[in-house]
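The following account leads from a single residue to the overall architecture and then to individual contacts and backbone details. Please keep the sequence and the three-dimensional view at hand while reading.

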Amino acid sequence: MKRYLCSIIIGMVVILSIGTYYVKVASSASSLPKYTFKTLEGSDKELDPVIINATLQNGSNFYEPLTIESNTTTYESEKSYLENLTGRQGHEIERLVKEHRSFMRGKDSISSLYEDDDFLAYAWVNSDGKMEAKFDIGLLEKKDEEETSFQIELPNQGRIMNADVRDVQLVHSKLQVLTMNDVNSNNEKQTKEVHLYTIDVANKKVLSDKTLVSESFTYPDQVDFEMPIDLTPSQPNNMVFISLIKGVNHEDGPFEEKLKESKLLSYNYETEKLETVKKELLSLDMARSGYADGKNLYAVEMKSGKYRIKTFDLSSQTLTNDTELDIAANKKEQDFAAIKNGRVYFLLGNEVDQDVLTNKPAKLLIADIKTGKTLYKGETVINKKNSKSFELIIGELKIK
């Protein structure tokens, strides 16, 4: 009887402790300012799919992550223990987990996933810390929920120090896996490469290992590869852009890029062609800061006191649209953009003046991507009068 009584008491203590914790959390969160968008123009229904991840800061002593979703602020401390345990997953990952929970177990990298109407595929390079690396491959046939999963050795793994999966596509029933690899050169040189692996899922083997780009360098020289922000990372895309960046690391100064040696490359999965994009068509800076969806690349340009969204057709490499946005340009403000459902979502925030963060309202514009017509314009407002000491730091803009 004493044993049962002891268990009951311990259980009650645990329950009371958890309850006290959440009461304190709720009380703490309720004292924090809530951010919403005040509509200046258009319909506030346009805000429904908007998700903004940010943090609230008060000097160096306070830091609290928050999310503004459908114009409602939720602090991380207000979320359940399970929600915080799983972390801040992207909207696409959350959707895939809900729809295909068994297949998605342990899969949290959106760049390693591919999805169409019939299949959901996954490819990841799994290294155990030794000189051994394997592909983790998964394929789900949605119609009958049939799963295929296996591991397969990475070709030439003895020379690969690290392999980062950047894109996965399913082309002619074969899995195409694009990776950026750090390669062991066995000398003072460093080598970085872009590889494309073709994997036969049915027969569980690597059909080919194609090196798209290979660059060797010695310090203080530096080579890096970058890709535009992918607006549709798990969806079927025919083309990808790869920026090759060459420069020098100065010991007494910042990194200096060699603009004449840097270039922008495009790769077409269907034609298997790797081409250099002419700089007069699309500048390196605009491409690197751009947003791609497999068909178009959208680049932000500041011109004549306004922001413009330029649309480049990836297949023809031509400028197909140049839209002016009805929002004043400010070089000191960081901008965030997203394009979905024929709309451009453009967010301005995090203004920095002489290395000092200025606490000003974030501005949001939603416009038709083709015509530039404003569908919504608004700015953040705070529900508490004593909130001037808080700073809202925008992290990312997402659209459902």
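**From a loop serine to the whole chain**

S70 is partly exposed, with a relative accessible area of 29%. This residue belongs to the loop that joins β3 to β4 (72-75). Although S70 is not a glycine, its phi is positive, at about 50°. The model in which these values were computed is a predicted one.

A second serine can be described in similar terms. S304 is likewise not a glycine, and its phi is positive at about 55°. Its position is the loop between β20 (296-303) and β21 (306-313). With a relative accessibility of 73%, S304 counts as exposed, because the threshold for that class is over 50%. The value of 29% for S70 falls in the partly exposed class, because that class lies between 20% and 50%.

One further backbone feature concerns a proline. The peptide bond that leads from Y219 to P220 is cis, with omega near 15°. P220 is placed in the loop between β12 and β13 (221-226).

The protein as a whole has 400 residues, of which 43% count as buried. Its secondary structure comprises four helices and 29 strands. Among contacts with a separation of 6 or more, 48% join residues 24 or more positions apart. The exposed area of the protein is about 22,200 Å², and carbon and sulfur atoms supply 49% of that area.

In soluble globular proteins, nonpolar side chains tend to be buried together. Which residues have the most contacts inside the largest nonpolar core? They are F37, V50, I52, L347, L364, I394 and L397, in a core of 24 residues. The elements that contribute two or more residues to this core are β1 (35-42), β2 (50-58), β3 (62-69), β23 (334-340), β24, β27 (363-368) and β29 (391-399). Apart from this core lies another, of 21 residues, which includes L139, I152, V168 and V177. Within the largest core, I394 illustrates how separate parts of the sequence come together: with residues up to four places away left out, I394 touches I52, N53, A54, F336, L347, G349, N350 and A362.

Strand β24 (residues 343-349) also contains R343. This arginine has a relative accessible area of 25% and is therefore partly exposed. Its side chain makes a polar contact of 2.9 Å with the side chain of E46. Beyond its neighbours within four places in sequence, R343 is in contact with E46, A338, I366, A367, I369 and L375. For R343 and A367, a sequence separation of 24 residues corresponds to a C-alpha to C-alpha distance of 5.6 Å.

Another polar contact between side chains involves E215, a residue of strand β12 (residues 205-217). Is E215 buried or exposed? At 15% relative accessibility, E215 counts as buried, because the class requires a value under 20%. The side chain of E215 makes a polar contact of 3.1 Å with the side chain of K246. With neighbours within four places in sequence set aside, the contacts of E215 are Q190, T191, K192, V223, F225, L244 and K246.

The aromatic residues supply a further set of interactions. A pair of aromatic rings is described by the distance of the centres and the angle of the planes. The structure holds three aromatic pairs. One of them, formed by F135 and Y197, is edge-to-face, with 5.1 Å between the centres and 75° between the planes. F135 lies in strand β7 (residues 133-141) and Y197 in strand β11 (residues 190-200), so this pair ties together parts that are 62 residues apart in sequence. Both F135 and Y197 are buried. Y267 and Y269 form another edge-to-face pair, at 5.6 Å centre to centre and 90° between the planes. Y267 counts as buried at 1% relative accessibility, and Y269 is buried with a relative accessible area of 4%.

Aromatic rings also take part in contacts with a charged group. K107 lies over the face of F103, at 4.6 Å from the ring centre. The charged end of K107 also sits over the ring of Y122, 5.1 Å from its centre.

How values were computed
Residues are numbered from 1 along each chain as its sequence is written. This is a predicted model: local features need pLDDT of at least 70, side-chain atom pairs count only at pLDDT 80 or more; totals for chains, interfaces and linings use all residues. Side-chain values use heavy atoms; hydrogens and water are left out. Buried means under 20% relative accessible area, exposed over 50%, partly exposed in between (1.4 Å probe, protein chains only). A polar contact is a pair of N or O atoms within 3.5 Å; within protein, one must be able to donate a hydrogen and the other to accept it, and residues adjacent in sequence count only if both atoms are side-chain atoms. Contact means heavy atoms within 4.5 Å. A nonpolar core is a set of buried Ala, Val, Leu, Ile, Met, Phe, Trp, Tyr and Cys residues joined through side-chain atoms within 4.5 Å. Accessible areas come from the Shrake-Rupley method with a 1.4 Å probe; for residues, only the protein chains shown count as cover. Rings of Phe, Tyr and Trp (its six-membered ring) pair if their centres lie within 6.5 Å; planes under 30 degrees apart count as stacked, over 60 as edge-to-face and the rest as tilted. A charge sits over a ring if NZ of Lys or CZ of Arg is within 6 Å of the ring centre and within 35 degrees of the ring normal.
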